[in-house]
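Okay, thanks for coming, everyone. I'll put the sequence and the model up, and then we can walk through them together.

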Amino acid sequence: MIILASQLSKLRRERKLMLKDVAARVGIAANTLCQFEKGRARPSLEVLCALADYYEVTLDFLVKGSDK
């Protein structure tokens, strides 16, 4: 889960996006996304897929840190 939290935070910051904007696009609360980025909560598969689609990355990239 540490990798997921790191990847979510990294992707958002690299793209200079605000928590509230990303959260609104995937249909969750900004506080919930913050919890995911801090590793304090885990997203459902549905939300995880929505985040991967939003960032245009694979689930492997989000969860493992690489596409391999």
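I'll start with one helix, then go to the core, and finish with the salt bridges.

Keep in mind that this is a predicted model. So, helix α1, residues 2-14. At 1.5 Å a residue, its 13 residues should span 18 Å, and the end C-alpha atoms are indeed 18 Å apart. Its buried residues are Leu4, Ala5, Gln7, Leu8, Ser9, Leu11 and Arg12. What sits over them includes α2, α3, α4 and α5. Just past α1, Lys16 has a positive phi, about 55 degrees.

Now the core. The largest nonpolar core holds 17 residues, and Leu51 and Leu62 have the most contacts inside it. Each of α1, α2, α3, α4 and α5 puts in at least two residues, with the largest share, five, coming from α4. Leaving out residues up to four places away in sequence, Leu51 touches Leu8, Val22, Val26, Leu33, Phe36 and Leu62.

Okay, charges. How many salt bridges turn up in a search of the whole structure? Two. One pairs Arg12 with Glu37, at 2.7 Å from N to O. That pair ties α1 to α3, with the two positions 25 residues apart in numbering. Are these two buried or exposed? Arg12 is buried because its relative accessible area is 9%, under the 20% cut-off, and Glu37 is buried too, at 11%.

The other bridge is Lys64 with Asp60, closest N and O atoms 3.9 Å apart. Both lie in α5, four residues apart, about one turn of the helix. Here Lys64 is partly exposed at 49% relative accessibility, and Asp60 is partly exposed at 33%.

Conventions: Residues are numbered from 1 along each chain as its sequence is written. This is a predicted model: local features need pLDDT of at least 70, side-chain atom pairs count only at pLDDT 80 or more; totals for chains, interfaces and linings use all residues. Side-chain values use heavy atoms; hydrogens and water are left out. The expected span of a helix is 1.5 Å times one less than its number of residues. Buried means under 20% relative accessible area, exposed over 50%, partly exposed in between (1.4 Å probe, protein chains only). Contact means heavy atoms within 4.5 Å. A nonpolar core is a set of buried Ala, Val, Leu, Ile, Met, Phe, Trp, Tyr and Cys residues joined through side-chain atoms within 4.5 Å. A salt bridge is a side-chain nitrogen of Lys or Arg within 4 Å of a carboxyl oxygen of Asp or Glu.
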